[in-house]
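I opened the file today to look up how the strands and helices fit together. These are my notes, entry by entry.

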Amino acid sequence: MAADDVSAMRESPEWLAALAAELAALPQTTLWVGFSGGLDSTVLLHALASLPQARERGLRALHVDHGSGGHSAHWARHCRAFASRLGIEAQVVRANVRDVAKHGLEGAWRRARHEAFAEALPENSLLALAQHRDDQVETLLLRLLHSAGHEGLAAMRKIRPLRSRDSTRWLWRPLLDVPRSRLREYAQMHGLDCIDDPANHDPRHARTRLRTRVLPALRDAFPDADARIAAAATRLREEADALHEVARQFIQTHRDANDASLPARELVRLPNALRREAVSRWLDELGLPRPPAATWSRIVPELIEAAPDADACLRWNGAQLRRYRDRVFALAPFDESPTFTLDWDGCAPLRLPQGLGTLHIEPAPSEPQRWQVRNREGGERLRLGGMHRSLKHLMQQAALPPWRRGRVPLLFDTRGELLAAGEMIGDGLQSWLAARQARLIYRE
């Protein structure tokens, strides 16, 4: 680096020293910069390139090409050339922008970028993004206008996993406390060549209208508005994190180890905000989507407070909540009464259709059997303790939820005798297994 650059760095604002200190405290991972070529990401890339500890992490740039307009190819070339002048490799990936009608253009672009990040970044990577204090202020105000809760109003985290339950790839936003005016000063000091995206001035975008019309008036009336709003976001983040922790402890204490259900009597005692956070985190852990806004208000009266004998259910796209006795279950959609008939010799594991699991004998029998596995039709009886007993009553006694009863595979012999229902084993099969020191295993 040239002597004048070193001198300028010594005169640089305090945020550059804070950037170095933050980086030193982060886990040792490969460091990437999400590089659009605009002023913000150009300043971030240039600043990190001046830090030896960033280069020691294999500093690289990642440019996402949205394929929009006639500028995208030029922007990609610009980013490669700028990074090359810094002695840094720049990777360009193409975004798949879709669902614009559903999420809006800004939202669709944001989703496409993050999907491209997730596909491009290897494990043990840290992706630095250049959102700054002005972006944080805009984000909080926009989410307020969309009736966001505590998590949304806490705006952007400084560091978070790239995706839920991904512990090897992280997003880092080191400039959230830095006003954009400071970044502009840095760019002018170093004569940085930056892209000016016309979309940033398009009044069709809500963020542009907020930036160009609302915030100037707010700052004129309240000169310290940005600092106050950013401070509020920080406080909301702290409170949101506290709520997350209480919800985590609740789930850890009350979640059933076998079926992941939660007790309705404990859920109903929670304050509304904590209950919502607990249910959200629970669904996240199970890999299920959260309910739409209109469904939240129905969870307590229609599900949690439902009568213990009611078959209460709330469904939305990709998930459902169900109540059985005192437990609430979170489930993916499924067919409650699948139809199937399969022949099975018992020698090899039998994979059941429609996600019903597998059946197998351990150890496998030496002689093939002539068994049939099919769905429940009603009226079946299983011989236990020398007596034929109603399978329906046996399932009720076993506290098997109603929606699972039609999905349990039934095992029959050639005479049509019911030998087993899942791992509920009748007398005839039990004797056969005992003679071979074997067991029937059913895994859903």
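**Entry 1: the helix over the sheet.** I started with H3, in what is a predicted model. H3 lies across S1, S2, S4 and strand S6 (169-172). I read its angle to S1 as about 155 degrees. An angle over 145 degrees counts as roughly antiparallel, so H3 is roughly antiparallel to S1.

**Entry 2: the sheet itself.** Next I looked up the strand order. The sheet is open and holds 6 strands, in the order S3-S2-S1-S4-S6-S5. The pairing is mixed. Which strands stand at the edges? They are S3 and strand S5 (159-161). Each has a single partner strand, so one side of each is left without a neighbour in the sheet. I also noted the twist: neighbouring strands are turned by 30 degrees against each other on average, direction ignored.

**Entry 3: pairing, strand by strand.** Strands of a sheet pair through backbone hydrogen bonds, either parallel or antiparallel. I went through the pairs in turn.

- S3 (residues 89-94) and S2 run parallel, joined by 6 bridges. Across this pair I found Leu62 opposite Gln91 and Ala61 opposite Ala90.
- S2 and S1 (residues 30-34) pair in the parallel sense over 3 bridges. Here Ala61 of S2 stands opposite Val33.
- S1 and S4 run parallel, with 4 bridges between them. Val33 has Ala128 as its bridge partner in S4.
- S4 and S6 run parallel too, again with 4 bridges. In S6, Arg169 is the bridge partner of Ser125.

Val33 turned up twice in my list. It stands opposite Ala61 in S2, and its bridge partner in S4 is Ala128. Ala61 also turned up twice, opposite Val33 and opposite Ala90 in S3.

**Entry 4: burial of two strands.** Is S2 enclosed or open to the outside? I checked residues 60-65. In S2, 5 of the 6 residues are buried, so the strand is largely enclosed by the rest of the structure. Then I took S4 (125-128). In a regular strand the side chains alternate between the two faces of the sheet. Ser125 and Leu127 are on one side of S4, Leu126 and Ala128 on the other. All of these are buried, and both faces of S4 are covered.

**Entry 5: helix H7.** I moved on to H7, residues 133-145. It has 13 residues and reaches 19 Å from its first C-alpha to its last. That is close to the 18 Å expected at 1.5 Å a residue. Its buried residues are Asp134, Asp135, Gln136, Val137, Glu138, Thr139, Leu140, Leu141 and Leu142. What do they pack against? I listed helix H3 (39-49), helix H8 (150-153), helix H9 (180-190), helix H10 (206-221) and H11. Just after H7, Ser147 takes a positive phi of about 60 degrees.

**Entry 6: two helix crossings.** Two packed helices are described by the angle between their axes and the distance between the axes. I looked up both for H7 and H11. Their axes come within 9 Å and cross at roughly 70 degrees. That makes H7 roughly perpendicular to H11. The crossing is left-handed. On the H7 side the contact is made by Arg133, Asp134, Gln136, Val137, Leu140 and Leu141. On the H11 side it is made by Asp226, Ala227, Ile229, Ala230, Ala233 and Leu236.

The second crossing is H2 (residues 14-25) with H9. The axes come within 11 Å and cross at roughly 100 degrees. That makes H2 roughly perpendicular to H9. Glu14, Trp15 and Leu16 of H2 meet Arg182, Leu183 and Tyr186 of H9 in this contact.

**Entry 7: backbone oddities.** I closed with the loops. Asn124 has a positive phi of about 55 degrees, although it is not a glycine. I found it in the loop between helix H6 (100-120) and S4. At 46% relative accessibility, Asn124 counts as partly exposed.

Ala260 also has a positive phi, near 65 degrees. Its loop lies between helix H11 (225-254) and strand S7 (262-263). Is Ala260 buried or exposed? At 10% relative accessibility, Ala260 counts as buried.

Last, I noted a cis peptide bond between Glu362 and Pro363, with omega about -5 degrees. Pro363 is in the loop between strand S13 (358-362) and strand S14 (371-374).

Conventions. Residues are numbered from 1 along each chain as its sequence is written. This is a predicted model: local features need pLDDT of at least 70, side-chain atom pairs count only at pLDDT 80 or more; totals for chains, interfaces and linings use all residues. Side-chain values use heavy atoms; hydrogens and water are left out. Buried means under 20% relative accessible area, exposed over 50%, partly exposed in between (1.4 Å probe, protein chains only). Two strands pair if DSSP finds at least two bridges between them. The expected span of a helix is 1.5 Å times one less than its number of residues. Contact means heavy atoms within 4.5 Å. Axes are lines fitted to C-alpha atoms, for helices over the stretch in contact, and angles run from 0 to 180 degrees between N-to-C directions. Angles under 35 degrees count as roughly parallel, over 145 as roughly antiparallel, 65 to 115 as roughly perpendicular and the rest as oblique. A crossing is left-handed if the near helix is turned anticlockwise from the far one by less than a right angle, and right-handed if clockwise.
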